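Please open the model in a viewer and set the display to a cartoon representation. The tour below proceeds by selection, each stop stating what to pick and what is found there.

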Amino acid sequence: MGRAFQNRKESMAKTAAAKTKVYSKYGREIYVCAKQGGTDPNGNLTLRGLMERAKKDQVPSHVIEKALDKASGVGGEDYSPARYEGFGPGNCMVIVDCLTDNPNRTFGDVRACFNKAKSKLGTPGSVSHMFDHCAILAYPGDDEEAALEALMEADVDVTDIENEEGHITVFAPHTEYAKAKQALIDAFGELDFETDEIQFVPQTTTTLSGDDVAMFEKLVDALNDLDDVQNVFHNAEIDA
């Protein structure tokens, strides 16, 4: 699979306002994850991975605790996932994952971002079939055979394993995330996962150049600025 999963543009928290957005997105995602699978990270590996990622991104503990408190109570926000697919500048493919309490508002906001970037939304499934929905787990190491053996013993449906520059990267179907992570922890103890995510990894890439580059960056920045948007995945590569 190469390093294609690294092409996702990350939102950089350079200002107080940007940091607040990052905290809000993590808080919302933790709330939904805990609501669905329980607030105990030892029994909810998806939540555990999310909390670890939040801490690495320097999300304050009170933001995490507040989200868990909301999830363990009754009432509060009622967020649901929403996914939008479309075609960006240069006909690159874009997937937008959201958590929203108002789908009509979110759809309108996302559509406006596409329109302003001279892009267009597609129907569900219009581009996602060109991506692999993967659990990605990367950690320091060099023994891919041992990793593969541990995963196979746990009956994990591994898609690919890479050994590159002292790092092992495991790819598995998104439905195998918890099982794959637990198998690695059981085999090697507590690991410092550098990547611990579920992503859409593009099967092919589209190279952008000229005016398309600026328009693409405008689209991704506008989407990341929306409160309801959690992640933006794409297959674009910028022509150096």
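Select helix α7, residues 211–225, in this predicted model. Helix α7 lies across β2 and β9, and its direction makes about 155° with that of β9.

Next, display the strands beneath this helix together with their partners. Four strands form an open sheet, and their order is β3-β1-β2-β9. The pairing within this sheet is antiparallel. Which strands stand at the edges? They are β3, residues 120–121, and β9, residues 229–234. Each of these has a single partner strand, so one side of each is left without a neighbour in the sheet.

Now add helix α4, residues 103–116, which also packs on the sheet. Helix α4 touches β1, β2, β3 and β9, and its direction makes about 150° with that of β2, residues 93–100.

Turn to the individual strand pairs, beginning with β1, residues 80–87. Strand β1 runs antiparallel to β3 and is joined to it by two bridges. To see a position in this pairing, select F87, whose bridge partner in β3 is K120. On the other pairing of the strand, β1 and β2 are antiparallel over eight bridges. Select R83 and look across to β2, where D97 stands opposite. Then follow the chain through the hairpin of β1 and β2, where five residues lie between the strands. Within this hairpin, select G90, which takes a positive phi near 70°.

Leave the sheet and select the second largest pocket, whose volume is about 250 Å³. How many residues line this pocket, and which are the closest to its centre? Twelve residues line it, and S24, G27, R28, K66 and K70 are the closest to the centre. Colour helices α1 (16–37) and α3 (61–72) to see the elements that give two or more residues to this lining. By character, the lining divides into five nonpolar, three polar and four charged residues.

For the last stop, show the aromatic side chains. A search of the whole structure finds six aromatic pairs. One of them is formed by Y139 and F188. The pair is tilted, with 6.3 Å from centre to centre and 35° between the planes. Select strand β4, residues 131–140, to locate Y139, and helix α6, residues 177–188, to locate F188. Because the two residues lie in these elements, the pair ties together parts that are 49 residues apart in sequence.

Conventions: Residues numbered from 1 in each chain as written. Predicted model: local features only at pLDDT ≥ 70, side-chain atom pairs only at ≥ 80, totals over all residues. Heavy atoms only, no water. Pairing = 2+ DSSP bridges. Contact = heavy atoms within 4.5 Å. Axes fitted to C-alpha atoms, helices over the stretch in contact; angles between N-to-C directions. 1 Å grid on protein atoms, 1.4 Å probe; cavity = no way out; pocket = protein on both sides within 12 Å on 5 of 7 lines; lining within 4 Å. Points joined across faces, edges and corners; volume = space filled by probe spheres on them. Nonpolar A, V, L, I, M, F, W, Y, C, P; charged D, E, K, R; others polar. Phe/Tyr/Trp six-rings, centres within 6.5 Å; stacked < 30°, edge-to-face > 60°.
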